[in-house]
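Visitor: I am new to this structure and would like a close look at a single part, the largest pocket. Could you take me through what lines this pocket, and then through the parts of the chain that go with it?

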Amino acid sequence: MKPAALLRCPMIPQVERWVRNTVEPAARYYFGSPVVEMRVAASYACRPINHRRGAKLSEHGYANALDVSTFTLANGRKVTVKAGWNGDPAEQRFLRDLHKGACREFTTVLGPRFDRNHHDHFHMDLARRGRKGQGRFCK
């Protein structure tokens, strides 16, 4: 990940599982090449949700969230969420597979379909949701 992400310990195994079980197999399937870099758009940042003044603290403020915007393959190809989500058909399928796989690993996953603030990256976090704290939100 570049730049290096600053995350709470519980995020690490979730990210690793997502990469191992979803990102790598999808990259090899769609492009015949492994991922060598994931561009971190954000990790720890003490800020409110969507940078809105007065909003509650974002999961980024707890080092409990990761935003990824670009996947670079060993063959040099770069797949960006911004261009690929509605771009090249293989990139669309790749990114949708990554989004779906993230929904299995994280309690919150936000992507381009959620809102304009997430048009260019995937947001993944482990926010506690629901009465038992295990609810999921995937958009």
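Guide: The lining of the largest pocket is made up of six nonpolar, nine polar and six charged residues, and the model in which this pocket is found is a predicted one. Its volume comes to about 400 Å³, and among the 21 residues that line it, those closest to the centre are I49, N50, L110, H118 and H123. Two strands can be named as contributors, since β4, which covers 108-110, and β5 each give at least two residues to the lining. As background to such a description, rolling a probe the size of a water molecule over the atoms shows where empty space is left.

One of the residues closest to the pocket centre, N50, deserves a slower look. N50 sits in the loop between β1 and β2, and its phi is near 55°, which is a positive value in a residue other than glycine. With a relative accessible area of 26%, N50 is partly exposed, because this value lies between the 20% under which a residue is buried and the 50% over which a residue is exposed. H51 is likewise placed in the loop between β1 and β2, and H51 too has a positive phi, about 60°, although it is not a glycine. The relative accessibility of H51 is 60%, so H51 counts as exposed.

From the pocket lining, β5 leads on to the interior of the model. The largest nonpolar core holds 30 residues, and W18, F71, F94, F106 and M124 are the ones with the most contacts inside it. At least two residues of this core come from each of α1 (11-31), β1 (35-42), β2 (65-73), α3 (89-105) and β5 (122-125), while α1 gives the most, with eight residues. The strand β5 is therefore named in both settings, as it supplies at least two residues to the pocket lining and at least two to the core, where the strand is a run assigned by DSSP.

M124 shows how the parts of the core come together. Leaving aside residues up to four places away in sequence, M124 touches M11, W18, N64, A65, L66, D67, V68, A102, F106, T108 and V109. Two of these partners, W18 and F106, are listed with M124 among the residues that have the most contacts inside the core.

One last detail belongs to the segment before α1, where P3 is placed: the peptide bond from K2 to P3 is cis, with omega near -15°.

Methods
Residues are numbered from 1 along each chain as its sequence is written. This is a predicted model: local features need pLDDT of at least 70, side-chain atom pairs count only at pLDDT 80 or more; totals for chains, interfaces and linings use all residues. Side-chain values use heavy atoms; hydrogens and water are left out. A nonpolar core is a set of buried Ala, Val, Leu, Ile, Met, Phe, Trp, Tyr and Cys residues joined through side-chain atoms within 4.5 Å. Buried means under 20% relative accessible area, exposed over 50%, partly exposed in between (1.4 Å probe, protein chains only). Helices (H or I, at least four residues) and strands (E, at least two) are DSSP runs, numbered from the N terminus. Contact means heavy atoms within 4.5 Å. On a 1 Å grid over the protein atoms alone, a cavity is a set of points where a 1.4 Å probe fits but cannot get out, and a pocket is an open set with protein on both sides within 12 Å along at least five of seven lines; lining residues have an atom within 4 Å of a point. Grid points are joined across faces, edges and corners, and a volume is the space filled by probe spheres set on the points. Ala, Val, Leu, Ile, Met, Phe, Trp, Tyr, Cys and Pro count as nonpolar, Asp, Glu, Lys and Arg as charged, and the others, Gly among them, as polar.
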